[in-house]
Amino acid sequence: HLRRSATRRPSRPMLRSAAVLSLAIGVQASFEPIGAYQPASQVTDHNALDQDQAAIEAVLSKVPVAYGQARSVYTEGGNSRAISVLTIPALTTGMSKGVAVKATGEDGNPVSGAVWLAADTGSTQISVVYDVSDVQANHVRCRVGGLPVEFQRRDGCIDTNKTVTIGPNSMQATMVEHISGRDIEGFSTSAKARMWECSNGCPYAEYSSFYDYYGTHTYADEWVKGAIDGINVAYPRGRGSADFSRFNDDATRVEAIKKGTVYLNIWMYVVREFEDAVGDCEDSCINCNDDPVHAWDEGVAFYTGSLVRPQSTVDPTMPLFEGGNLLWTLNDKRCVNFKTCGANGDSTTGTAKVNLDLATQFAIGQHALRLGQCTAGDVVKDRVVNLMRIGLIQGTLRYAYIVGELAGTEKERAEGAVFAASVLPALHKCSATAATTVYDNMKLGASSTSMAAVKRAFEDNYECLGITCADVGGLWFGAINDYYPGAAPCKDASTSSTLSVGGIVGITIAILVAIILLFLLCVVVRRERAGKPLFLNMEKMRT
């Protein structure tokens with residue numbers, strides 16, 4: 001598209017989009033916005049997790065593919081929850097978690113943090129978690145973990161050549177290891193504890209659908225590591241399996257990794273944060289819900305990421321935000337393919353309607369939690385989860401068409417497989433038959449792929465999935481200004497303009513009956529007013 005002048009007046013659809021986002025951002029701005037959302041708590045550290053994803057994608061683009069580096073970033077992180085493990089002289093007294101730590105960074109400037117894990121008397125190691133800034137660009141100046149050297153930042157890492165003060169004690173550290181306390185792998189490996197066994201509403205409904213389908217709590221981790229290592233991923237229930245030992249070309253494995261980390265690991269953890277927020281909510285208590293609001297903010301951070309930024313110019317043909325690599329960015333890409341961009345969801349330019357809808361729901365949910373309106377927050381959470389599936393379904397449909405109708409490449413087959421893997425459990429909960437149809441057509445090594453079959457399997461279950469035909473749209477072919485053959489949107493019952501012959505006949509009869517009854521009512525009223533009541537005369541005739 002040609003970029004318009006930055007001084008041109010925005011179109012009305014763009015102004016409507018901006019109005020939606022202004023509602024979402026709100027009026028309190030003590031923390032940096034996350035895309036279209038104004039957090040009420042500090043989540044810059046959580047928001048930076050997308051930089052791990054960026055590092056994974058970067059090393060996967062190397063020639064040859066750096067699978068080992070991708071595994072290190074995936075399992076060890078680096079950009080979120082920075083921790084330094086110090087080797088120190090034996091402690092003469094124990095140190096509790098949270099005790100303040102003061103030190104000097106490698107650049108000579110002061111750094112601060114707190115004891116991360118309590119240490120007993122005699123311990124010679126202590127873990128320090130760094131204080132986090134409200135400024136996203138410099139939220140932490142020590143980022144190492146499993147990152148390759150070119151992605152590390154060390155200027156704010158503790159310098160072991162300088163004195164470290166832990167509580168009232170000053171000492172000299174002899175060795176330091178810089179690690180990360182949050183990584184993408186952990187979103188899956190902690191799922192059983194945080195989504196199945198927790199005390200605030202577990203097992204969570206959406207996670208339960210995935211566990212029921214795959215039969216393992218670590219389905220996402222198994223998928224990603226299977227692709228990294230090029231091995232067979234055979235799930236216990238015999239559903240959704242992917243054999244990366246058989247289909248082990250780089251194109252397949254790379255797509256399975258970089259999309260699996262987002263659509264399987266991170267997607268479910270976003271849901272977990274919203275579930276956790278609602279589960280911790282204290283009803284009708286305005287000053288009791290800081291923790292639930294913080295959890296809600298974390299969910300939006302993991303959905304959006306720090307790399308999403310305002311568009312650099314005022315251009316109504318472009319999304320209001322650009323960049324990023326997580327779920328917000330996915331939706332803005334897919335809306336172009338499915339003509340679901342803009343405030344009305346009927347354009348191929350602008351911000352995805354689902355992102356505009358989610359921005360509003362994110363703001364409403366946060367507000368409900370702040371006011372202790374827990375039931376309302378739960379309703380919003382369910383709506384958010386339904387909306388979050390739209391981009392995944394669009395991705396599955398897009399690659400079903402590319403593979404089935406356009407003889408897609410191995411890369412595109414893999415993309416279709418991972419999109420399907422991310423939504424199959426929800427579809428299976430609605431219809432096991434429909435989920436089997438989608439899997440058989442989209443799995444790695446599928447003998448054939450029918451776009452028509454995949455499309456019908458989803459469309460028959462949109463109501464169950466909590467979305468509509470209009471939400472998903474159809475695969476748009478810009479060159480002909482129409483949908484691809486067989487890929488047009490389905491029609492929602494409430495908006496369909498065509499009726500069956502039986503329906504027309506039924507409506508006609510109902511109208512005629514109504515007219516007759518109205519005529520009789522008028523006759524009765526006129527006779528009553530004339531002093532000649534119809535029913536009295538009928539009674540006299542009987543006597």
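## Helix H15 and Glu415

Helices here are DSSP runs of H or I with at least four residues, and strands are runs of E with at least two, both numbered from the N terminus. In this predicted model, one such run is helix H15, which covers residues 410-430 and includes Glu415. Is Glu415 buried or exposed? Glu415 has a relative accessible area of 4%, and because buried means under 20%, this residue counts as buried.

Once the neighbours within four places in sequence are set aside, the residues in contact with Glu415 are Glu255, Lys259 and Tyr399. Glu415 can also be placed relative to Leu444, from which it is separated by 29 residues in sequence and by 9.7 Å in space, taken from C-alpha to C-alpha.

## The protein as a whole and confidence in the model

The protein has 543 residues, of which 51% are buried, and its secondary structure consists of 21 helices and 13 strands. Among the contacts with a separation of 6 or more, 66% are between residues 24 or more positions apart. The accessible surface of the protein is about 24500 Å², and carbon and sulfur atoms hold 54% of that surface.

Confidence is given by pLDDT, whose mean over the protein is 89, with 85% of the residues at 70 or more. Two stretches that call for caution are residues 1-27, where pLDDT stays under 50 and the model has 49 contacts beyond four places in sequence, and residues 534-543, where pLDDT is below 50 and the model has 5 contacts beyond near neighbours in sequence. Where pLDDT is low, the predicted coordinates should not be read in detail.

## The largest cavity

Rolling a probe the size of a water molecule over the atoms shows where empty space is left. A search of the whole structure returns 5 cavities of 30 Å³ or more, and the largest cavity has a volume of about 70 Å³. Its lining is made up of 13 residues, and those that lie nearest the centre are Trp223, Gly240, Ala417, Tyr439 and Lys443.

Which helix gives the largest share of the lining of the largest cavity? That helix is H15, the source of 4 of the lining residues, while helix H16 (432-442), like H15, supplies at least two. By residue type, the lining of the largest cavity contains 10 nonpolar residues, 2 polar residues and 1 charged residue.

## Helix H16 and its surroundings

The buried residues of H16 are Ala434, Ala435, Val438, Tyr439, Asn441 and Met442. In an α-helix there are 3.6 residues a turn, so residues three or four places apart point the same way. The buried residues of H16 pack against H15 and also against helix H7 (205-214), helix H14 (390-406) and helix H17 (451-459). Tyr439 therefore appears twice in this picture, since it is buried in H16 and is also one of the residues nearest the centre of the largest cavity.

## Glu275 in helix H9

A further glutamate, Glu275, belongs to helix H9, which spans residues 250-280. Glu275 is buried because its relative accessible area is 11%, which falls under the 20% limit. Not counting residues up to four places away in sequence, Glu275 touches Tyr204, Ala205 and Lys381.

## Cis prolines

Where are the cis peptide bonds described here? One is the bond from Val63 to Pro64, which has omega near -5°, and Pro64 belongs to the loop between helix H3 (49-60) and helix H4 (67-76). Another is the bond from Cys202 to Pro203, also cis with omega near -5°, and Pro203 is placed in the loop between helix H6 (191-196) and H7.

## Positive phi angles in loops

Lys339, a residue other than glycine, has a positive phi, near 55°, and is located in the loop that runs between helix H11 (327-338) and helix H12 (353-370). With a relative accessible area of 24%, Lys339 is partly exposed.

Asn481, likewise a residue other than glycine, has a positive phi near 55°, and its place is the loop between strand S12 (476-477) and strand S13 (482-483). Why does Asn481 count as exposed? Its relative accessibility is 59%, and exposed means over 50%, so Asn481 falls in that class.

Note on methods: Residues numbered from 1 in each chain as written. Predicted model: local features only at pLDDT ≥ 70, side-chain atom pairs only at ≥ 80, totals over all residues. Heavy atoms only, no water. pLDDT = per-residue confidence, 0-100. Contact = heavy atoms within 4.5 Å. Buried < 20%, exposed > 50% of the residue type's maximum accessible area, 1.4 Å probe, protein only. Areas by Shrake-Rupley, 256 points an atom, 1.4 Å probe, with all protein chains shown as cover. 1 Å grid on protein atoms, 1.4 Å probe; cavity = no way out; pocket = protein on both sides within 12 Å on 5 of 7 lines; lining within 4 Å. Points joined across faces, edges and corners; volume = space filled by probe spheres on them. Nonpolar A, V, L, I, M, F, W, Y, C, P; charged D, E, K, R; others polar.
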